[in-house]
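Got a minute to walk through a fold together? Let's take it one question at a time.

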Amino acid sequence: MSERSTVGPHKVVLGTYSSHEAAQHAVDLLAEHKFPVEHVTIVGTGLKLEERVLGRWTLGRALLTGASTGAWIGLLIGIVFWIVTPRVVEGAVISGIIVGILFGAAFSAVAYFLQKRAYTSMRSVVADRYDLLVDAAFADEARRLLSAVLSTPESAH
């Protein structure tokens with residue numbers, strides 16, 4: 001691999017943050033003050049998978065989700081047909097939506113019965129801490145900028 005290592009002799013830890021948003025905010029501050037942020041890296045350490053349960057997954061919810069997704073796909077296909085054949089204006093779009101709803105609901109119902117979970121969730125990878133790394137050649141400038149910005153009263157947004 002030709003990629004540089006994110007940790008090593010060429011990178012220096014500029015700060016450690018408890019959330020990704022806080023690390024992003026520090027990079028935003030550097031960017032606002034014309035710092036070359038392409039030399040900055042955010043590295044999450046202590047990664048773990050977090051699955052947030054959003055609610056129950058019922059047949060009705062599956063049908064509604066499948067039908068709405070199918071309607072959007074049918075609308076897009078109907079618009080393509082309308083562009084290709086301008087004489088068939090409403091027919092192509094409306095039939096595309098109806099066929100999309102039917103197929104979306106049907107596929108979603110099949111997926112619901114094959115699925116073994118009774119809930120829906122959203123997965124994300126989170127870290128225990130986020131290190132803000134910077135190329136060694138730019139470390140002093142970045143530290144000076146961050147300390148100057150964070151010491152001013154306006155920075156407490």
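Q: How far does helix 2 reach from its first C-alpha to its last?
A: This is a predicted model, so take the value as computed. Helix 2 covers residues 59-84, which makes 26 residues. At 1.5 Å a residue you'd expect 38 Å. The model comes close to that, with a reach of 37 Å.

Q: Which residues of helix 2 are buried?
A: To count as buried, a residue has to stay under 20% relative accessible area. In helix 2, the ones that make the cut are Ala62, Gly66, Ala67, Gly70, Ala71, Gly74 and Gly78.

Q: Is Ser108 buried or exposed?
A: Ser108 sits in helix 3, residues 89-114. Leaving out residues up to four places away in sequence, Ser108 touches Ala62, Leu63 and Gly66. Two of those names, Ala62 and Gly66, also turn up among the buried residues of helix 2. With a relative accessibility of 14%, under the 20% cut-off, Ser108 is therefore buried.

Q: Which side chain joins that of Ser121 in a polar contact of 2.5 Å?
A: Ser121 belongs to strand 4, residues 119-126, and it is buried at 17% relative accessible area. Its side chain makes a polar contact of 3.5 Å with the side chain of Arg117. Beyond four places in sequence, Ser121 touches Glu51, Arg52, Val53 and Leu54. The polar contact of 2.5 Å is with the side chain of Glu51.

Q: Which strands stand at the edges of the open sheet?
A: The sheet has 3 strands in the order 1-5-2, with antiparallel pairing. An edge strand has a single partner, so one of its sides is left without a neighbour in the sheet. That applies to strand 1 (11-17) and strand 2 (40-45).

Q: By how much are neighbouring strands of this sheet turned against each other on average?
A: The sheet follows the order 1-5-2. Ignoring direction, the average turn between neighbouring strands is 30°.

Q: Which residue in strand 5 stands opposite Gly44?
A: Strand 2 and strand 5 (residues 129-135) pair in the antiparallel sense over 6 bridges. Opposite Gly44, in strand 5, you'll find Tyr130.

Q: What angle does the direction of helix 1 make with that of strand 2?
A: Helix 1 (residues 20-32) packs on the sheet and touches strand 1, strand 2 and strand 5. Its direction and that of strand 2 make an angle of about 170°.

Q: And helix 4, what angle does its direction make with that of strand 1?
A: Helix 4 (residues 139-150) packs on the sheet too, touching strand 1 and strand 5. Its angle with the direction of strand 1 is about 25°.

Conventions. Residues are numbered from 1 along each chain as its sequence is written. This is a predicted model: local features need pLDDT of at least 70, side-chain atom pairs count only at pLDDT 80 or more; totals for chains, interfaces and linings use all residues. Side-chain values use heavy atoms; hydrogens and water are left out. Helices (H or I, at least four residues) and strands (E, at least two) are DSSP runs, numbered from the N terminus. Buried means under 20% relative accessible area, exposed over 50%, partly exposed in between (1.4 Å probe, protein chains only). A polar contact is a pair of N or O atoms within 3.5 Å; within protein, one must be able to donate a hydrogen and the other to accept it, and residues adjacent in sequence count only if both atoms are side-chain atoms. Contact means heavy atoms within 4.5 Å. The expected span of a helix is 1.5 Å times one less than its number of residues. Two strands pair if DSSP finds at least two bridges between them. Axes are lines fitted to C-alpha atoms, for helices over the stretch in contact, and angles run from 0 to 180 degrees between N-to-C directions.
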